[in-house]
Amino acid sequence: MNDAISKYRITGLVVAFLIFIIDQFTKYMVMFPLDLRAKGQIELLPFFNLTWAENYGVSMGFLTASTDFQRWALVALTGLIGVAVLIWMWREKAKWDIIALSFVLGGAMGNILDRARLGYVADFADLHIGGFRPFLIFNVADACISIGVVILLARALLLREKPDEDKNVQLGDS
């Protein structure tokens, strides 16, 4: 195994773990010291509030889990997706794809723990322009998952790998 790629993979695991810790810390802060559940909303800036929301589904309210069976099925499904992301990250060779996947993995771990522990994902970040809200209320995990997916899509759509001439020569010589 290439030492540089191994280093990127270890770095990816560290980044995923740090995202998980930061996500859980911010959720702890809004739930307990700030008691956002009881307050409902804290206005911080003209364009940003802390607003309590309990997300019982996945992205944009899809697959809402309204029973315990559905909740645990969603935990299992998102857990399997998390394992698939981990495997993909471990097999990936491109540095920036590994980092992007670590953002997805760290965010997924934070939201999976919420769903297993609380029965919902705690959301609180509320970006808005007046009454216009371009995003649903989200959390650090959601933001990291989104950033990771955007990086993966941008790299897949905008950056094309140049063919390695050495590989073409070797393949042609066979």
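# Exercises on a predicted model

The nonpolar patch draws its largest share, seven residues, from α1. The exercises below concern a predicted model.

## Exercise 1. The nonpolar patch

Task: Establish which residues make the nonpolar surface patch and which elements give two or more residues to it.

Solution.

Step 1. The members of the patch are Ile10, Leu13, Val14, Phe17, Leu18, Ile21, Ile22, Leu86 and Trp90, and the area comes to about 780 Å².

Step 2. Two elements give two or more residues to the nonpolar patch: α1 and α3, the latter spanning 68-91. The largest share, seven residues, belongs to α1.

Step 3. Leucine 18 serves as an example from the list. Its place is in helix α1. A residue enters a patch only with over 30% relative accessible area; leucine 18 has 46% and is partly exposed.

## Exercise 2. The salt bridges of lysine 27

Task: Determine which side chains form salt bridges with lysine 27, and where the partners lie.

Solution.

Step 1. The criterion is a side-chain nitrogen of Lys or Arg within 4 Å of a carboxyl oxygen of Asp or Glu. Under this rule the model has five salt bridges.

Step 2. One partner is aspartate 23, with an N to O distance of 2.8 Å. Both residues belong to helix α1 (residues 3-31), and their spacing of four residues is about one turn of the helix.

Step 3. Another partner is aspartate 114; here the closest N and O atoms are 2.7 Å apart. Because aspartate 114 lies in helix α4 (residues 95-118) and lysine 27 in helix α1, this pair ties together parts that are 87 residues apart in sequence.

Step 4. Burial is assigned under 20% relative accessible area. Lysine 27, at 1%, is therefore buried, and aspartate 114, at 0%, is buried as well. Aspartate 23 is also buried.

## Exercise 3. A salt bridge between α5 and α4

Task: Find the N to O distance in the salt bridge of arginine 155 and aspartate 97, and decide whether each residue is buried or exposed.

Solution.

Step 1. The side chains of arginine 155 and aspartate 97 meet at 2.6 Å, N to O.

Step 2. Arginine 155 is part of helix α5 (residues 140-158) and aspartate 97 is part of helix α4, so the bridge ties together parts that are 58 residues apart in sequence.

Step 3. Arginine 155 has a relative accessible area of 18% and is buried. Aspartate 97, at 14%, is buried too.

Step 4. Shared partners join salt bridges into one network of Asp23, Lys27, Asp114 and Arg117.

## Exercise 4. The open sheet

Task: Give the strand order of the sheet, identify the strands at the edges, and describe how β1 meets β2.

Solution.

Step 1. The sheet is open and has three strands in the order β1-β2-β3, with antiparallel pairing.

Step 2. The edges are held by β1 (41-45) and β3 (121-127); each has a single partner strand, so one side of each is left without a neighbour in the sheet. From one strand to the next, the twist averages 30°.

Step 3. Strands β1 and β2 (residues 48-55) run antiparallel and are joined by four bridges. They form a hairpin with two residues between them.

Step 4. Within this pairing, isoleucine 42 has leucine 50 in β2 as its bridge partner, and glutamate 43 stands opposite asparagine 49 in β2.

Step 5. Helix α1 lies across β2 and β3, and its direction makes an angle of about 85° with β3.

## Exercise 5. Two individual residues

Task: State where aspartate 35 is placed and what its phi is; then find how far glycine 79 is from asparagine 111 in sequence and in space.

Solution.

Step 1. Aspartate 35 sits in the loop between α1 and α2 (36-39). At 35% relative accessibility, aspartate 35 is partly exposed.

Step 2. The phi of aspartate 35 is near 50°, a positive value in a residue other than glycine. Most residues other than glycine have a negative phi.

Step 3. Glycine 79 lies in helix α3 and is partly exposed at 23% relative accessibility. Glycine 79 and asparagine 111 are separated by 32 residues in sequence and by 9.9 Å in space, C-alpha to C-alpha.

Conventions:
Residues numbered from 1 in each chain as written. Predicted model: local features only at pLDDT ≥ 70, side-chain atom pairs only at ≥ 80, totals over all residues. Heavy atoms only, no water. Buried < 20%, exposed > 50% of the residue type's maximum accessible area, 1.4 Å probe, protein only. Patch = residues over 30% accessible without salt bridge, like charges linked within 9 Å, V, L, I, M, F, W, Y side chains within 5 Å. Areas by Shrake-Rupley, 256 points an atom, 1.4 Å probe, with all protein chains shown as cover. Pairing = 2+ DSSP bridges. Axes fitted to C-alpha atoms, helices over the stretch in contact; angles between N-to-C directions. Contact = heavy atoms within 4.5 Å.
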